[in-house]
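Q: Please take a close look at one loop residue of this model and at its surroundings. I should like each technical term to come with its cut-offs.

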Amino acid sequence: MQTSGQISPRTGNVLLMIGTMKGVFLLSSNSTRSRWKVSGPHFTGQVVYALAYDGRAGKQRIWASPQSWFYGTVLAHSDDFGSNWSVPETANVKFPEDTGLSLKQIWQIEPGRDDEPDVLYCGVEPASLFKSTDAGETWSLVRGLHDHPHRPRWEPGGGGLCLHTILLHPTDRNKMYVAISTGGVYKTDDGGSTWRAVNKGVSAEFLPDKYPEFGQCVHKVAMHTSQPDRLFLQNHGGLFRSFNGGESWESMANGVPSDFGFPIVSHPHEPDTFYIVPLDYEMRCVPEAKLRVYRTQDAGKTWKPLTRGLPQKRAYETILRDSMTADQLDPAGIYFGTRSGKIYGSANNGNSWKLILDDLPPVTCVKAAVVGGEIQTKKSTSKKKTGTKRATKKPARATRKGK
Amino acid sequence: MSIVCIIPGPLKAFADGKSDVVLNVPVHTVGEALNILWERYPGLKDRVITEQGKVREHINIFAGDENIKYTGGFNTPLKSEIEIYIIPAVSGGIN
């Protein structure tokens, strides 16, 4: 497969980043989100489970975690929407020698809060958290979590023992959550020095004790930044919500065809609105081979299927935990990718869908961002700052750092 | 003593584009030879061995015709005028 095309999104355009089993594809569109330009594959033949866009402090940086089957994984970045990638000479995310661990996969890249633009986090397999305080130049293992006494008893799920979710409290720098499969949800109130399991009420049907302190196979957790003490969780069997910062959870599997699934995504502007894609527990495909996104608009009290534009027969589709996302526009764009290589998108909060791209390798990750500048929302006259103006510096970079 | 390290194609970019690197220094083991290679081209090291110093799962290293897995690993003794091959393993088909 040859690399083709380049994208040059303008301020206010939507950037859609797609990780697959065989590389990264980058898409861009204007705010109508009706036509997309495509570039890729980038990192041809490499698995990419994590992508992120960092638009803080004048940056317009895409982060990616290409993993070679043979040569390991690194964090690479591009400041020109994939025209050039900066790949580190030596691995930038490594376990210290004393841990006895070796990095298998990078599952999540999370830029820090807006007022700490040089901070980034990444979640990896085997389940651990790394932090950078110099804009991704160097990374350190977060020892507080690594040294947790529960860690030796975390077990790998089907995807491996991965730390796949990182949720930052938007204003309290001391508070954040991570989720581990299988380990459950962990919370820190002191900036990462100490962590505690917060899984009360989350089930683990595969254990004799159905409600253990930890060991749940949490697939994904979502938070709306305007209500950061409310968490919404897609479990390996079970949908749960917490209205007290994870201290306790209750079921919200009300009216869904299956409580199994992987992704859960927050609407960017409506704190009671979330999206999931239920999967049949045994087959791990959408129930009845009908591709249905389910949406709640009342914080989990009720869920309704969204089907317009989605195939409702012979759709044996699987959507993985990071393969669904939302952009920041209003109405919001909602996007997801399938194991069969299809990308679907909605430009109207999920009310109707279109097939954006087909015949990709199996999709592992879908992330969206609005590039730079200020965005006028439909429901508010206030302007939302989303990042940066376009860079004026020359974009040319070495394809490999350190030489 | 001349040791030649054969670099796999995808890693040539981390060895100034070279497909083979000649080490004209006295070494006694595969490990000593590779340490010199890593010093010269640091980008190769992390891509061939893990941070715990083990050969990556899907890479094989041969001293001459012998896989060092069966000859003492990094302690495999070296004769003069030998080639060290770094070769991606035959390990595909699942993705």
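A: Helices (H or I, at least four residues) and strands (E, at least two) are runs assigned by DSSP and numbered from the N terminus. The model is predicted, so local features require pLDDT of at least 70 and side-chain atom pairs count only at pLDDT 80 or more, while totals for chains, interfaces and linings use all residues. Residues are numbered from 1 along each chain as its sequence is written, and chains are lettered from A and ligands numbered from 1 in the order in which they are written.

The residue chosen is Lys94(A), located in the loop that lies between β7 (76–78) and β8 (105–111) of chain A. A residue is termed buried if 20 or more other C-beta atoms, placed from the backbone, lie within 10 Å of its own, exposed if there are 12 or fewer, and partly exposed in between. Lys94(A) has 21 C-beta neighbours inside 10 Å and therefore counts as buried. Its C-alpha atom is separated by 9.9 Å from that of Thr138(A), a residue 44 positions apart along the chain. Contact between two residues means that their C-beta atoms, placed from the backbone, lie within 7 Å. Leaving aside residues up to four places away in sequence, Lys94(A) touches Leu103(A) and Glu51(B).

The partner Glu51(B) leads to the interface between the chains. Chain A and chain B contribute 15 residues each to the contact. On the side of chain B that touches chain A, helix α2 (residues 42–48) of chain B gives the most, with four residues. That side comprises six nonpolar, five polar and four charged residues. For this purpose Ala, Val, Leu, Ile, Met, Phe, Trp, Tyr, Cys and Pro are nonpolar, Asp, Glu, Lys and Arg are charged, and the others, Gly among them, are polar.

Chain B also holds an open sheet of five strands in the order β2-β1-β5-β3-β4, with mixed pairing; strands pair if DSSP finds at least two bridges between them. β2 (20–23) and β4 (66–67) of chain B stand at the edges with a single partner strand each, so one side of each lacks a neighbour in the sheet. Helix α1 (residues 30–40) of chain B packs on this sheet and touches β1 (3–6), β2, β3 and β5 (82–88) of chain B. The direction of α1(B) makes about 110 degrees with that of β2(B), where axes are lines fitted to C-alpha atoms, for helices over the stretch in contact, and angles between N-to-C directions run from 0 to 180 degrees.

The chain that carries Lys94(A) can be described in its turn. Chain A contains one helix and 30 strands. Its radius of gyration is 20 Å, close to the 22 Å that the globule rule gives for 403 residues, so chain A is as compact as a globular protein of that length. This radius is taken over C-alpha atoms, and the rule is 2.2 Å times the number of residues to the power 0.38. Of the 403 residues of chain A, 52% count as buried. Among its contacts between residues at least 6 apart in sequence, 52% join residues at least 24 apart.

Burial is also seen in strand β17 (residues 231–235) of chain A, where five of the five residues are buried, so β17(A) is largely enclosed by the rest of the structure. Strand β16 (residues 218–223) of chain A pairs with β17(A) in the antiparallel sense over five bridges. β17(A) is likewise antiparallel to strand β18 (residues 239–242) of chain A, over four bridges.
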